[in-house]
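Colleague: Could you take me on a close look at the salt bridges in this model? I would like to follow one part properly and then see what lies around it.

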Amino acid sequence: MASSARKLDLIDVAPFTPADAAALEARYAGVGTGDLLGKLLTGELRGRVAAVSSFGAESAVLLHLIAQVDRDIPVIFLNTQKIFGETLAYRDQLSEMLGFTDLRVFRPDPRLLATKDATGLRWNYDPDGCCDLRKVEPLRRALAPFDSWISGRKGFQAGTRIAMPRFEEDEGRLKINPLADWDKTRLEAYFADHKLPRHPLEAQGYPSIGCAPCTSKVQPGEDPRAGRWRGWDKVECGIHVPEAPGEEPVF
């Protein structure tokens, strides 16, 4: 069935540069999250952007905000094949509830797994290599049709995320962090106001949820992401990198 293609309101960023990201950061300074998404998704980035979601503990807030603007935006989910079953069920629940029409699931390349993680135990001795196989490489494939993408990261989640801007350059693409300046109180209020369902593992002590082998419960007083890769000198999966206050964001 033929359909008319979306008309793109192109801006002169192909590829995006750090200077482009900084210009957008300045342009949208003080603009509310909903208005920011509305302007971008229905305007200059229409048809060029995807949302990437882990369907984790706080994912419902950003997904709900996006759904208010455009339910047809591609939503990318990386099934690392190490995901909690509860996350897969939550993904299906939220996608159906919010009415997204284009959920795209990407998995690790089975040929790469056969040569680099045949036992499925690489996470146990090389978590960086495991994340590269199961997250970074699939995401690169998933983002191939797009020049920008939306991330659900938030500055309060860890000390390494405090300096996060709302716009970053990422391998020539624009990465948008609409919730960069949201705190836990604001997220909780949004959940309550919109009666959004919670991830079933959150009540069991998992405020940040990744792959099952590398996610543990968080103790009172710890960073929300303290349960990720516990015991390893690792705080990000490779899709994102740590940012320190006063430093330029890098990828």
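Modeller: Happy to! A salt bridge here is a side-chain nitrogen of Lys or Arg within 4 Å of a carboxyl oxygen of Asp or Glu. Please keep in mind that this is a predicted model. With that cut-off, Lys184 forms a salt bridge with Glu188, their closest N and O atoms being 3.3 Å apart. Both residues belong to helix H7, which covers residues 184-194, and they sit four residues apart, about one turn of the helix. How buried or exposed are the two partners? Lys184 is partly exposed, at 29% relative accessibility, and Glu188 is also partly exposed, with a relative accessible area of 29%.

The pair belongs to a network of salt bridges that links Glu58, Lys154, Lys184, Glu188, Arg198 and Glu202. Let us follow that network to Lys154, which forms a salt bridge with Glu58 with the closest N and O atoms 3.4 Å apart. Lys154 lies in the loop between strand E4 (148-150) and E5, while Glu58 lies in the loop between strand E1 (49-52) and helix H3 (59-69), so this bridge ties together parts that are 96 residues apart in sequence. Buried means under 20% relative accessible area. Lys154 is buried, at 4%, and Glu58 is buried too, at 7%.

In total, the structure holds 17 salt bridges. Another one joins Arg104 and Asp102, whose closest N and O atoms are 2.9 Å apart. Arg104 is partly exposed, with a relative accessible area of 28%, and Asp102 is partly exposed at 21%. As a general point, side chains of opposite charge can pair when their charged atoms come close.

Now for the surroundings, beginning with H3, the helix that borders the loop of Glu58. H3 packs with helix H4 (residues 85-98) at an angle of about 25 degrees, and their axes are 10 Å apart. Angles under 35 degrees count as roughly parallel, and H3 and H4 are therefore roughly parallel to each other. H3 passes H4 in a right-handed crossing. Which residues make the contact? On H3 they are Ala60, Leu63, His64 and Ala67, and on H4 they are Tyr90, Leu94 and Leu98.

Strand E5, which borders the loop of Lys154, leads us to another helix. The buried residues of H1 pack against strand E5 (167-170) and strand E6 (173-176). In H1, which spans residues 18-27, these buried residues are Asp20, Ala21 and Leu24. Seen down the axis of H1, they fall within an arc of 100 degrees, so they line one face of the helix. The face turned away from that buried side carries the exposed residues Pro18, Ala19 and Ala26.

One more charged residue may interest you. Where is Arg122? You will find Arg122 in the loop between helix H5 (110-116) and helix H6 (127-142). Arg122 counts as buried, at 19% relative accessibility. Leaving aside residues up to four places away in sequence, Arg122 touches Lys116, Asp117, Pro127, Gly129, Cys130 and Leu133.

To come back to your request, a good place to start on screen is H7, where Lys184 and Glu188 both lie. From there you can trace the network, whose members include Lys154 and Glu58.

Conventions: Residues numbered from 1 in each chain as written. Predicted model: local features only at pLDDT ≥ 70, side-chain atom pairs only at ≥ 80, totals over all residues. Heavy atoms only, no water. Buried < 20%, exposed > 50% of the residue type's maximum accessible area, 1.4 Å probe, protein only. Helix = DSSP H or I, 4+ residues; strand = E, 2+ residues; numbered from the N terminus. Arc of directions from axis to C-beta. Contact = heavy atoms within 4.5 Å. Axes fitted to C-alpha atoms, helices over the stretch in contact; angles between N-to-C directions. Parallel < 35°, antiparallel > 145°, perpendicular 65-115°, else oblique. Left-handed = near helix turned anticlockwise from the far one by under 90°.
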